[in-house]
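Reader: I am in my first year of study and would be grateful for a close look at one part of this protein. Could you please choose a group of charged side chains, explain how they meet, and then set them in the context of the whole chain?

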Amino acid sequence: MLTTTIHAIIKHLKERMDGRMEWDTKSRRTACQSSTTLSVDQKEMYSTILTVEYMSTEESASECDEGENTGPRTKILVVHKLPWRSAKAEEILQTLDRKMVGKRSSRSAEMCRKRCRGEPSTVHKPPPSCPAWAKIDV
């Protein structure tokens, strides 16, 4: 019974993490396609890394407000960057993130969780089709 519950919790957490990665991928793809400042060649290049395999993993956590150990906790997302992702790929994703943020409604922006950096991810490896410009040797 206990192992069944543990497996159900793990499955639920994995589904939430996969859902966030899918959402990030879709949002970045939309930002790329709707951009008026990116050339057709840039959009084509960017789209090669706009799949789940290139997204950082995130996990929910809580932090104390005002640096106190008691009181209400704020929900945050801890982002685990991919150590093999190149500076160029990071720059592309950050550019698309800025474009996404600019298009959010005020209500949507309020609902977004604060993000902080965690330890680099050791789970995801570069996909076999990863272009040379998008990865570094680790």
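**A charged group and its surroundings**

Author: The side chains of Arg-85 and Glu-90 meet in a salt bridge, with 2.8 Å from nitrogen to oxygen. Please bear in mind throughout that the model is predicted. Glu-90 has a second partner, since its side chain also meets that of Lys-81 in a salt bridge, here with 3.7 Å from N to O. That distance qualifies because the cut-off for a salt bridge is 4 Å.

Let us consider how far each of these residues is covered. Lys-81 has a relative accessibility of 22% and counts as partly exposed, because the buried class is reserved for values under 20%. Arg-85, at 6% relative accessibility, falls under that limit and therefore counts as buried. Glu-90, at 15%, counts as buried for the same reason. Through the partners that their salt bridges share, Lys-81, Arg-85 and Glu-90 are joined into one network.

Arg-85 also has a polar partner. Its side chain makes a polar contact with the side chain of Ser-56, at 2.9 Å. Ser-56 belongs to the loop that runs between α2 (40–47) and β1 (57–64). With a relative accessibility of 9%, Ser-56 counts as buried. What does Ser-56 touch, apart from residues up to four places away in sequence? Its contacts are Met-21, Val-79, His-80, Lys-81, Leu-82 and Arg-85. Two members of the charged network, Lys-81 and Arg-85, are thus among the residues that Ser-56 touches.

The loop that holds Ser-56 also contributes to an aromatic contact. The structure holds one aromatic pair. This pair is formed by Tyr-54 and Trp-84 in an edge-to-face arrangement, with 5.9 Å from centre to centre and 65° between the planes. Tyr-54 lies in the loop between α2 and β1, and Trp-84 in the loop between β2 and α3, so that the pair links distant parts of the chain, 30 residues apart. Both Tyr-54 and Trp-84 are buried.

We may now return to the charged side chains. A search of the whole structure finds three salt bridges. Besides those already described, the side chains of Asp-97 and Arg-28 meet in a salt bridge of 2.7 Å, from N to O. Asp-97 lies in helix α3 and Arg-28 in helix α1, so this pair ties together parts that are 69 residues apart in sequence. The partners are covered to differing degrees: Asp-97 is partly exposed at 24% relative accessible area, whereas Arg-28, at 10%, counts as buried.

The helices α1 and α3 are also represented among nonpolar residues. The largest nonpolar core has 18 residues, and those with the most contacts inside it are Cys-32, Tyr-46, Ile-49, Leu-50 and Leu-96. Helix α1 (2–34) and helix α3 (87–103) each supply at least two residues of this core. The greatest contribution comes from α3, with five residues. What does Cys-32 contact, once its neighbours within four places in sequence are set aside? Its contacts are Leu-38, Lys-43, Tyr-46, Leu-50 and Leu-96.

One residue of a strand also deserves attention. Ile-76 is found in strand β2, which covers residues 73–80. With a relative accessible area of 5%, Ile-76 is buried. Ile-76 and Glu-59 are 17 residues apart in sequence, yet their C-alpha atoms are 8.4 Å apart in space.

Finally, here is the setting of these details. The protein has four helices and three strands, which follow the pattern α-α-β-β-α-α-β along the sequence. Of its 138 residues, 28% count as buried. Among contacts between residues at least 6 apart in sequence, 73% join residues at least 24 apart; the salt bridge of Asp-97 and Arg-28 likewise ties together parts 69 residues apart. The accessible surface comes to about 9400 Å², and 57% of it belongs to carbon and sulfur atoms.

Technical notes:
Residues numbered from 1 in each chain as written. Predicted model: local features only at pLDDT ≥ 70, side-chain atom pairs only at ≥ 80, totals over all residues. Heavy atoms only, no water. Core = buried A, V, L, I, M, F, W, Y, C linked by side-chain atoms within 4.5 Å. Buried < 20%, exposed > 50% of the residue type's maximum accessible area, 1.4 Å probe, protein only. Contact = heavy atoms within 4.5 Å. Areas by Shrake-Rupley, 256 points an atom, 1.4 Å probe, with all protein chains shown as cover. Polar contact = N/O pair within 3.5 Å; in protein donor to acceptor, adjacent residues only side chain to side chain. Phe/Tyr/Trp six-rings, centres within 6.5 Å; stacked < 30°, edge-to-face > 60°.
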